[in-house]
Amino acid sequence: MEEKVLFPAALRANNGEPLPLAAKLRLDHGAITSLMVVPPTDDVIKVLRTVLDQHDELEEAPGGMYDVCEQLTSGETQELLEVLKSTGEVPVHHFNTADYAIAAAKRALARAGFDFDSIISEDSENS
Ligand SMILES: [Fe+2]
């Protein structure tokens, strides 16, 4: 919904000028999506939590992406809500247990600036 509705609306309202956080958030979304493909092991969940903690901060903190989007699209809130409500369910598939799936997730994480193996080897008390 962010990538399909909210961010494009904000981009249009910004006269096509890319929003500073959009590229990083898109890479995060790719990484998060890739982690939905593989079975949710403890390691995968730990990495997902790490990514989401940072991702949510970029979106939700004061001055973050949601604030920027809200300011840019303030004149079309109701219209955007209607579009969001009419968005269909995302199709769900079984987890992919193949080695290439976790390898692809690690590459998507790397593109977003995260290292799967480093995150899982971090002491949980410090994360
Ligand atoms: Fe997001």
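I began with Ala 98 and located it in the loop between helix H5 (77-85) and helix H6 (99-111). The model is a predicted one. I looked up the accessibility of Ala 98 next: its relative accessible area is 26%. I therefore entered Ala 98 as partly exposed, since that class lies between 20% and 50%. I then checked the separation of Ala 98 from Gly 113, 15 residues further apart along the chain, and found 23 Å between their C-alpha atoms.

I turned to the iron ion and asked which residues supply its protein donors. They are Glu 2 (OE), His 29 (NE2), His 55 (NE2) and Glu 59 (OE), at 2.0 to 2.2 Å from the ion. I recorded the sequence spacing of these donor residues as E-x26-H-x25-H-x3-E. Within this set, His 29 belongs to helix H2 (residues 22-37) and His 55 to helix H3 (residues 42-60); the pair, 26 residues apart, links distant parts of the chain. I noted both histidines, His 29 and His 55, as buried.

I examined the geometry of the site as well. The four donor atoms subtend angles of 79 to 158° around the iron ion, so I entered the arrangement as irregular.

My last entries concern H2. I counted 16 residues in H2 and a reach of 23 Å from first C-alpha to last, close to the 22 Å expected at 1.5 Å a residue. I listed its buried residues as Leu 25, Asp 28, His 29, Ala 31, Ile 32, Ser 34 and Leu 35. I found that the buried residues of H2 pack against helix H1 (2-13), H3, helix H4 (65-72), H6 and helix H7 (116-121).

Terms used
Residues are numbered from 1 along each chain as its sequence is written. This is a predicted model: local features need pLDDT of at least 70, side-chain atom pairs count only at pLDDT 80 or more; totals for chains, interfaces and linings use all residues. Side-chain values use heavy atoms; hydrogens and water are left out. Donors are N, O and S atoms within 2.8 Å of the metal (3.2 Å for Na, K and Ca); water is not among the atoms, so sites may look incomplete. Four donors count as tetrahedral if all angles lie between 85 and 135 degrees; four count as square planar and six as octahedral if opposite donors are over 155 degrees apart and all others between 65 and 115; anything else is irregular. Helices (H or I, at least four residues) and strands (E, at least two) are DSSP runs, numbered from the N terminus. Buried means under 20% relative accessible area, exposed over 50%, partly exposed in between (1.4 Å probe, protein chains only). The expected span of a helix is 1.5 Å times one less than its number of residues. Contact means heavy atoms within 4.5 Å.
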